[in-house]
Amino acid sequence: MKFFIAAFCVLVTAASQAQAPAASDGLANMAALLEDPHAEHHHAEANGPAMTLEEAERIALAANPEIAVAARKVAIAQAHVPSAGALDDPMAMYRAWGVPLQQPWNLNTAQNMFSISQTLPGRGKRALRTGAAQSSVEEAKANLEQVRLDVRVRVHKAFDDLLRTDSELTIHDQHLAIARQAIEAARIKYTSGKVPQQDILKAQVALTRLAEHMIRFSHDADLARARLNTLLARDPETPLHVTGEFAVLSALPKAQSLDKLALQSRPDLQAAEQSAERSHTEQTLAKKAYTPDFTVAAGYMLMPSGTDMRNAYMVEGTMNLPWLNRRKHNAEIAEATVQATEQDAELTAMRNAAFGQIQEALVEAEAAQKLAHMYHDQLRPQAEATLQSSVIAYESDKTELLDLLDSQMTVIDIDLAWAEAVADFDARLADLELATGTPLNLTDSPAAEVKP
C-alpha cells in the first residue's frame with residue numbers, strides 16, 4: 001500500500017513541474033467527492049465506548065428483556081410444583097338429620113352431625129403429578145438456556161457486522177489516499193494538456209463508486225449498531241464502537257463430533273426431551289384413572305333430646321368407581337398416548353433438523369474460510385501486481401487512466417470481499433454454536449490471522 005502512495009506522489013511531483021492553466025470549475029469541485037460525508041459521524045462513534053465481544057455478550061445476558069421473560073417463566077413453573085402433588089382442601093360439614101317439618105326450628109329433636117373429610121388420591125397419582133410439574137420446570141429452564149444462546153449468537157452476529165463495517169471503512173480510507181493521488185495526477189496532466197477530459201470524467205466515476213461504498217458502509221453500520229444496542233437493552237441510537245479482530249481458523253470440528261455435542265448440550269433438544277418425558281408421565285397418570293380415589297371423614301354427632309346416649313361419633317369412607325365410567329377414562333388414556341407419541345416424533349424431528357443445521361453451518365463456514373484465504377493468498381497479490389504494473393505504465397504514459405482506476409477498484413473490491421468473507425466465517429461459527437447449543441472450544445485448532 002505504501003508503494004502505491006509513494007508512486008503517486010512521485011507522479012504528482014513530476015507533473016507539477018510543468019506550467020498548467022487553472023482547472024475548470026468542474027475539476028475544482030471534484031475534491032468534494034474525495035471527502036467522506038460521514039466522517040464527522042464516524043468520528044463521533046469512535047469516541048463512544050469501545051466494546052469487546054465478551055463485554056457485549058456479558059451485558060446482553062444480564063440485561064436483555066427476552067432473557068428476563070424466559071427467567072420469569074421458570075419461576076412460574078417452579079411455583080407450580082408444590083401445588084401439583086398437594087392434597088385437595090379438607091372439607092368441613094354440618095348436617096341436621098331428622099328435623100321435623102312441623103318444627104323446623106327445633107334442632108333438639110334432630111341428629112346434629114359435625115365432620116371433617118379429606119380426599120386421598122389413588123396410590124402413585126400425587127408423585128406422578130409432581131413429576132410432570134418438575135418436568136415442566138426443567139423444560140422452562142432449557143427454554144431459558146435456549147433464549148440465552150439465541151441472544152448471545154445474535155449479539156455475536158451484530159458485533160461481527162459492526163466490526164466488518166469498521167474493517168471496510170479502514171480499507172476505504174487506505175484506498176482513498178491512493179485515489180486522491182491519482183486524481184491529482186490526472187488533474188495536473190489534464191491542465192497541462194497531456195490527457196483528455198475523458199480521463200477526468202473516468203476518475204469522477206471511480207470516486208462516485210467510493211462514495212457508493214460509503215453509503216452502504218454507513219447503512220450497514222447503523223443497522224448493526226441498532227441491533228446490537230437493542231440486544232443490550234439500550235437505546236438503538238446510543239453511540240457504540242466495537243473493537244476486536246477476525247481470525248480465519250485453519251481447522252474446523254468434524255460434523256460427527258458436533259452432532260454428539262448437540263445431543264448433549266442443545267437447549268431446545270433438552271426442552272423437547274423434558275416435554276416428551278412429561279407427556280409419558282401424563283400418560284402413566286391417565287392410566288392411573290382406574291385406581292380409585294378415597295375420601296375419609298370423621299365427626300361428632302349430637303343425638304336428639306331424650307336419647308339415652310346423646311353424644312356419639314361417626315366415621316365415613318367413600319371411593320369413586322372408575323370401572324363404571326370406562327368410556328371417559330379410556331378416551332383420556334388414548335389422548336395421553338397420542339400426545340406422548342407426538343412428542344416423541346417431534347423430538348426425533350428436532351434432532352434430525354439439528355444435524356442438518358450443523359452440516360449447513362459447517363459447509364458455509366468452510367466456504368467462507370476458503371474464500372478468505374483465496375482473497376488473501378491469491379487474488380490480492382495478483383491484483384496488487386496488476387495495480388503496480390498500471391502505476392508504472394501510467395507514469396510512463398503507456399496506459400490510460402481508466403486502466404489504472406480499474407486496477408485500483410479491483411484491489412478495493414477484493415479487500416472488501418475479504419472483509420465480508422472473514423465476517424461471514426465468524427457468523428457461520430456463531431451458527432455452529434447455535435446449532436450445537438454451546439460455545440465451541442476451538443483453541444486446539446491452529447489459527448491464522450489473515451489481514452488485507
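# Salt bridges, cores and a four-strand sheet

The side chains of Arg351 and Glu273 form a salt bridge, with 3.2 Å from N to O. Arg351 belongs to helix 10 and Glu273 to helix 9 (residues 267-287), so this pair ties together parts that are 78 residues apart in sequence. The model is predicted. The points below cover its salt bridges, its nonpolar cores, its sheet, one helix pair and one loop residue.

**Salt bridges**

- The count of salt bridges comes to 22.
- In the pair described above, Arg351 is partly exposed, at 30% relative accessibility. Glu273 is also partly exposed, at 29%.
- Glu168 and Arg216 meet through their side chains in another salt bridge, at 3.9 Å from N to O. Glu168 sits in helix 6 and Arg216 in helix 7, so the bridge ties together parts that are 48 residues apart in sequence.
- Is Glu168 buried or exposed? Glu168 counts as buried, because its relative accessibility is 1% and buried means under 20%.
- Its partner Arg216 is partly exposed, with a relative accessible area of 34%.
- A further salt bridge joins the side chains of Arg164 and Asp161, again listed N to O, at 3.9 Å. Both residues lie in helix 6. They are three residues apart, which is about one turn of the helix.
- Arg164 is buried, at 11% relative accessible area. Asp161 is partly exposed, at 23%.
- Some salt bridges share partners, and they join Asp161, Arg164, Glu168, Arg216, Asp220 and Arg227 into one network.

**Nonpolar cores**

- The largest nonpolar core holds 53 residues. Ala56, Val155, Phe159, Leu162, Leu228, Val242 and Trp418 touch the most other members.
- Which elements give two or more residues to this core? They are helix 4 (53-63), helix 5 (65-84), helix 6 (125-191), helix 7 (197-231), helix 10 (326-395) and helix 11 (401-436).
- Helix 6 gives the most, with 13 residues.
- Ala56 shows what such contacts look like. Leaving aside residues up to four places away in sequence, Ala56 touches Met51, Val155, Phe159, Leu228 and Leu232.
- A second core is separate and has 14 residues. Ala262, Ile358, Phe425 and Leu432 are among them.

**The sheet**

- Four strands make an open sheet in the order 2-3-6-7, with antiparallel pairing.
- Which strands are at the edges? They are strand 2 (91-97) and strand 7, and each pairs on one side only.
- On average, neighbouring strands of this sheet are turned by 20 degrees against each other, direction ignored.
- Strand 3 (residues 111-120) pairs with strand 6 (residues 294-302) in the antiparallel sense, over nine bridges.
- Strand 6 and strand 7 (residues 311-319) also run antiparallel, and nine bridges join them.
- Ala298 in strand 6 stands opposite Ile116. In strand 7, the bridge partner of Ala298 is Val315.
- Another pair to find is Met301 with its bridge partner in strand 7, Ala312.
- A general point helps when you look at the sheet. In a regular strand, side chains alternate between the two faces of the sheet.

**Helix 8 against helix 9**

- Helix 8 (residues 255-265) packs with helix 9 at an angle of about 50 degrees. Their axes are 6 Å apart.
- Why are these two helices called oblique? Angles under 35 degrees count as roughly parallel, and 65 to 115 as roughly perpendicular. About 50 degrees fits neither range, so helix 8 and helix 9 are oblique to each other.
- On the helix 8 side, the residues that meet helix 9 are Ala262, Leu263, Gln264 and Ser265. On the helix 9 side they are Pro267, Leu269, Gln270 and Glu273.
- Two of these names appear above: Ala262 is in the second core, and Glu273 forms the salt bridge with Arg351.

**A loop residue: Thr438**

- Where does Thr438 lie? Thr438 is in the loop between helix 11 and strand 8 (447-448).
- Thr438 is buried, because its relative accessible area is 19% and the limit for buried is under 20%.
- Thr438 touches Leu149, Arg152, Leu261, Ser265 and Glu433, not counting residues up to four places away in sequence.

Technical notes
Residues are numbered from 1 along each chain as its sequence is written. This is a predicted model: local features need pLDDT of at least 70, side-chain atom pairs count only at pLDDT 80 or more; totals for chains, interfaces and linings use all residues. Side-chain values use heavy atoms; hydrogens and water are left out. Two strands pair if DSSP finds at least two bridges between them. A nonpolar core is a set of buried Ala, Val, Leu, Ile, Met, Phe, Trp, Tyr and Cys residues joined through side-chain atoms within 4.5 Å. Buried means under 20% relative accessible area, exposed over 50%, partly exposed in between (1.4 Å probe, protein chains only). Contact means heavy atoms within 4.5 Å. Axes are lines fitted to C-alpha atoms, for helices over the stretch in contact, and angles run from 0 to 180 degrees between N-to-C directions. Angles under 35 degrees count as roughly parallel, over 145 as roughly antiparallel, 65 to 115 as roughly perpendicular and the rest as oblique.
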